[in-house]
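Colleague: I should be grateful for a guided reading of this structure. Where would you advise me to begin?

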Amino acid sequence: MKINRKLSTALFVGVMFGWLASSCSTTDSAMKKESAKTAAKPAAEMAPAKPPGIRSPSMLANTCAGCHGTDGASAGDAMPIIGGMEKEYMQLVLAEFKSGERDSTIMGRIAKGYSDNELKAIASYIASQPWVSSPAKADKKLAAIGKKIHEKRCKTCHEDGGRVQEDDAPRLAGQWPDYTMIYLKDCHKKGRRCLPRKMGKRVAELSQKELQAMAHYYLSEK
């Protein structure tokens with residue numbers, strides 16, 4: 001009986017060993033075939049797909065940061081703050097720069113480098129940023145004069161001290177006074193060619209001191 005048991009055990013081990021060897025051989029053969037197939041594939045097919053070359057709105061708006069500061073929060077007194085401006089207004093202004101309808105020194109050339117959809121994306125991104133008012137201090141006497149002028153001539157479009165924004169009326173409250181003065185003087189000189197056109201006649205009737213007073217009034221309303 002002991003001999004039979006030993007013989008049975010030996011036979012069982014032999015059978016199992018043979019099965020395992022056969023199984024490993026089959027698996028190894030299959031792996032080699034799969035490896036050969038993979039190696040035969042063209043390199044282009046094996047390479048991961050590249051994402052489409054689409055720039056994000058924030059990347060598109062990086063161009064603006066050189067002059068208008070990070071996210072449109074300008075740190076220069078002659079450069080306007082644009083972060084937080086109304087989207088529709090930004091779209092209008094950028095389109096006018098691109099078409100040449102709005103005069104500029106460099107903005108026209110920059111705007112022409114973008115598609116209409118890219119300009120819309122930039123406008124949306126800039127509009128989504130928080131408004132950061134100028135840290136400059138307003139002259140109280142000039143601001144008081146400017147307030148009277150605003151109440152008489154400007155509040156219909158620039159409500160709440162220049163805080164309310166419309167499609168063609170940007171935020172003025174908290175803007176750099178030097179920039180506001182530059183724009184008003186330019187509008188004063190152009191008359192009816194000023195954009196928006198309704199500004200031309202109203203601004204043309206004001207003196208340089210009154211324009212300066214308005215710039216300080218809007219700064220004081222930040």
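Modeller: Let us begin with the contacts along the chain. Among contacts between residues at least 6 apart in sequence, 70% join residues at least 24 apart. Please keep in mind that this is a predicted model.

Colleague: How many helices and how many strands are there in the protein chain?

Modeller: The protein chain has 12 helices and 0 strands. Read from the N terminus on, its elements run α-α-α-α-α-α-α-α-α-α-α-α.

Colleague: What share of the 222 residues is buried, and what does the accessible surface come to?

Modeller: Of the 222 residues in the protein chain, 31% are buried. The accessible surface comes to about 14,400 Å², and carbon and sulfur atoms account for 58% of that surface.

Colleague: How should one read the packing of two helices?

Modeller: Two packed helices are described by the angle between their axes and the distance between the axes. A case here is helix 10 (residues 177-190) with helix 11 (residues 197-204): their axes are 8 Å apart, at an angle of about 90°. An angle from 65 to 115 degrees counts as roughly perpendicular, so helix 10 is roughly perpendicular to helix 11.

Colleague: Which residues make the contact between helix 10 and helix 11?

Modeller: Helix 10 contributes Tyr 183, Leu 184, Cys 187 and His 188, while helix 11 contributes Met 199, Gly 200, Val 203 and Ala 204. By class, this contact of helix 10 with helix 11 has 6 nonpolar residues, 2 polar residues and no charged residues.

Colleague: Let us turn to a single helix. Which residues of helix 8 are buried?

Modeller: In helix 8, which spans residues 140-154, the buried residues are Leu 142, Ala 143, Gly 146, Ile 149, His 150 and Cys 154. These residues lie on the same side of helix 8, because they cover an arc of only 120° around the axis.

Colleague: What does the face turned away from the buried side of helix 8 carry?

Modeller: That face of helix 8 carries the exposed residues Lys 140, Lys 141, Lys 148 and Lys 152.

Colleague: Against which helices do the buried residues of helix 8 pack?

Modeller: They pack against helix 9 (159-162) and helix 12 (208-220). For the pair of helix 8 and helix 12, the axes come within 7 Å and cross at roughly 95°. Helix 8 and helix 12 are therefore roughly perpendicular to each other.

Colleague: Which residues meet where helix 8 and helix 12 are in contact?

Modeller: On the side of helix 8 they are Leu 142, Ala 143, Ile 145, Gly 146, Lys 147, Ile 149, His 150 and Cys 154. These meet Lys 209, Glu 210, Gln 212, Ala 213, Met 214, His 216, Tyr 217, Tyr 218 and Ser 220 in helix 12. The contact of helix 8 with helix 12 has 9 nonpolar, 5 polar and 3 charged residues.

Colleague: How should one read the position of a single residue? Is Met 181 buried or exposed?

Modeller: One compares its relative accessible area with a cut-off, and under 20% means buried. Met 181 is at 16% relative accessibility and therefore counts as buried. This residue is found in helix 10. Leaving aside residues up to four places away in sequence, Met 181 touches Gln 208, Leu 211, Gln 212 and Ala 215. Met 181 and Leu 211 are 30 residues apart along the chain, yet their C-alpha atoms are separated by 6.5 Å.

Colleague: Is Ser 99 buried or exposed?

Modeller: Ser 99, in helix 5, has a relative accessible area of 54% and is therefore exposed. Between Ser 99 and Lys 112 there are 7.9 Å in space, C-alpha to C-alpha, and 13 residues in sequence.

Colleague: What of Glu 151, and where is it found?

Modeller: Glu 151 is found in helix 8. At 37% relative accessibility, Glu 151 counts as partly exposed. Its C-alpha is 8.7 Å from that of Gly 161, a residue 10 places away in sequence.

Colleague: Finally, which phi values does one find at Asp 71 and Asp 160?

Modeller: Asp 71 has a positive phi of about 55°, although it is not a glycine. Asp 71 lies in the loop between helix 4 (62-68) and helix 5 (87-99), and with 31% relative accessibility it counts as partly exposed. Asp 160, likewise not a glycine, also has a positive phi of about 55°, but Asp 160 lies in helix 9.

Conventions. Residues numbered from 1 in each chain as written. Predicted model: local features only at pLDDT ≥ 70, side-chain atom pairs only at ≥ 80, totals over all residues. Heavy atoms only, no water. Axes fitted to C-alpha atoms, helices over the stretch in contact; angles between N-to-C directions. Helix = DSSP H or I, 4+ residues; strand = E, 2+ residues; numbered from the N terminus. Parallel < 35°, antiparallel > 145°, perpendicular 65-115°, else oblique. Contact = heavy atoms within 4.5 Å. Nonpolar A, V, L, I, M, F, W, Y, C, P; charged D, E, K, R; others polar. Buried < 20%, exposed > 50% of the residue type's maximum accessible area, 1.4 Å probe, protein only. Areas by Shrake-Rupley, 256 points an atom, 1.4 Å probe, with all protein chains shown as cover. Arc of directions from axis to C-beta.
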